[in-house]
Amino acid sequence: MQKRISPAFYVVAIGYSLIALVPFLWSIYTSFKPTSMVYHTWVPLKDLSFGSYKYLFTSPQVAFVQWLLNSIIVAIIVTVGNLIVNTLAGYAFARLKLPGKGPLFLVFLAVMMIPGQVIMVPMYMLLGHLGWIGNYSGLTIPFLMSPFMIFLARQFFLGMPKELEEAARVDGLGTWGIFLKIFLPMARPLMATQIIFTFQGNWNSLMWPSLLTTGSPNVYTLPVGLNSLYGQYNGYWNNILAGVLLLTIPMIIIFFIFQRQFVQGMATSGIK
Amino acid sequence: MKLSAWKKSKLEQAMVGYMFLLPAVVALCVFLVGPIFYAIYVSFFRYNSLNVSQKQFIGLENFVHLFHDPMFGRALLNTSIYAVVVVPVQTAIALFLALIVNSIKGKTFFRVVYYLPTVTSTVATSLMFMFIFEPQGLLNSFLKLFGIHGPNYFNSPTFALPAIIALAVWSSVGQFMIIYLAGIQDLSDEVYEAAALDGATGWKLLRHITLPLLRRTTFLNVVLSLIGCFQVFDQMYVISGGTGGPLNSTLSVVLDLYNQATSGNMGYASAIGIALFIIILILTLIQKLIFEREEA
């Protein structure tokens, strides 16, 4: 069906690439400018420097390193936790004979329809009651499970042939052994998809961390911290955008590494 | 003997199975189902967390108040305008780009580039756009070349929401383009060959073959996009500094909910959350109905 491709197609495609990239490029450029020149369109090469980055990492006035660390720790705990909890549950729903699992799975499906913001108030109260506001517990423990990822995991394990189990049973493997030795090694694509989306969701999230770190700047995650930085240092765009890029770069690296899984996961599941 | 071994293995499977489910079920009960019921419960109360002793059952009063509250009305209006513009614009651009990218070389490159804004944190993209939309920022410098004097976008009640809309479209077009791209690649070549035999080309092919075949993908995209739009929070929160200003022009439903919750109006904030859920549910059902009627 593809015959002549009009050059106009390339013009449009490249044109939109520019639209997609310019904000990033402009931010990179600005992050190297000195504060006095952030609004200058053209800054001489000799005035560009890593000053903003150095400032973020060394200035005692900004808890940037602390926020970065918080973000990394929280994202890793949440990602690993989800990986374990969702994979186990998805596997049980897909492959194990359990009385009552059908109705239980329906409950998981039903809660997927409810927007997270609905439970903002109860969570705020519950976590406040538990003393989990303003520390890592509140940022991690409530977010270790995702009905959607359980759904994905179940779909994945349902797609594997039945013979796998039967052969393993004959070999004398128990339920735990079959999961660990037969199914888990084959579940790499599932793991990749889960890691990417959970990490991305957590790394970028703003609403819950803002709510759950209210008044405790030492546990701010990077997005919350950068948002507060903008409030305090209005006009220091070089510093702010340097922070923005440091928030963005890890995600872009992960995106490049897992590009194919990202796109596949997106296309099949339709989630962000 | 054999039977009892079989029974034993069944029991073992059930034991291990429930262990597998246990963490997920505990999390589900404590952090989802429990809070959902509590949200419904507390929405029937006048309940300020700063003054707990004043907790009082008021029936549906919180929900009635939603209809009279100008703040909520404004938030719903802003969110609706936002959704009404973002959903079609973003879906159209996504489809357009997917069709173009699908027919040229360098698919992977364009896919990656278009998807970059989507993997980037909304705090990052919001701050990037705030700088570009500054009174003396990149956009206004560019407009100046054409003799246009651009406004101070995010300080203007007229321009703040449109600027956020532009940001939203820019940041999520890539996501919907990829879903479209997958949809296009699933279309079978036979249909096209048959259509080509019938002499259908170019625009006709697109209008009568490709678009109808992509209807399912479009439905998925529109539903996802609409749900996302009604939950918009991050951009408004960052750009307005949490206030929804200037003059409430960027107050979204979720930002209103957030501000009510953090100022202690727990009953009312829960009512907003439940209203949001009902709105999203109704919109999704309406779309499903429209879609199914067209299918039939």
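Start by selecting B:Leu247, which you will find in the loop between H11 and H12 of chain B. This is a predicted model, so keep that in mind as you go round.

**Stop 1: the loop in chain B**

Show the backbone of B:Leu247 and look at its phi: the angle is positive, about 50°, although the residue is not a glycine. Now add B:Pro246, which lies in the loop between helix H11 (234-239) and helix H12 (253-262) of chain B. Which form does the peptide bond from B:Gly245 to B:Pro246 take, cis or trans? Display the backbone atoms of both residues and you will see a cis bond, with omega near -5°.

**Stop 2: all of chain B**

Zoom out and colour chain B by pLDDT. The average is 92, and 99% of the residues score at least 70. Next, colour chain B by its domain assignment: domain 1 takes 2-42, and domain 2 takes 69-295. If you place a marker at the centre of each domain, taken over C-alpha atoms, the two markers will be 38 Å apart.

**Stop 3: where chain B touches chain A**

Bring chain A into view. For the model with both chains shown, the scores to note are ipTM 0.92 and pTM 0.93. Select the contact between the chains: chain B brings 77 residues to it and chain A brings 75 residues. Which element of chain B gives the largest share of its side? Select helix H1 (residues 2-42) of chain B, the source of 21 residues on that side. Then colour the side of chain B that touches chain A by residue class, and you will pick out 56 nonpolar, 16 polar and five charged residues.

**Stop 4: two helices in chain A**

Hide chain B and select helix H3 (residues 64-95) of chain A together with helix H7 (residues 147-158) of chain A. Their axes come within 7 Å and cross at roughly 50°. H3(A) and H7(A) are therefore oblique to each other. Look along the line from one helix to the other: the crossing of H3(A) with H7(A) is right-handed.

Now turn on side chains where the helices meet. On H3(A), the residues to show include A:Asn82, A:Asn86, A:Gly90, A:Tyr91 and A:Phe93. Facing them on H7(A) are residues including A:Met149, A:Ile150, A:Ala153, A:Phe156 and A:Phe157. Add A:Arg95 from H3(A) and A:Arg154 from H7(A), which also belong to this meeting of helices. Coloured by class, the residues of the contact of H3(A) with H7(A) come out as ten nonpolar, four polar and two charged.

Notes. Residues numbered from 1 in each chain as written. Chains lettered and ligands numbered in written order. Predicted model: local features only at pLDDT ≥ 70, side-chain atom pairs only at ≥ 80, totals over all residues. Axes fitted to C-alpha atoms, helices over the stretch in contact; angles between N-to-C directions. Helix = DSSP H or I, 4+ residues; strand = E, 2+ residues; numbered from the N terminus. Parallel < 35°, antiparallel > 145°, perpendicular 65-115°, else oblique. Left-handed = near helix turned anticlockwise from the far one by under 90°. Contact = placed C-beta atoms within 7 Å. Nonpolar A, V, L, I, M, F, W, Y, C, P; charged D, E, K, R; others polar. Domains from an automatic or database assignment. pLDDT = per-residue confidence, 0-100.
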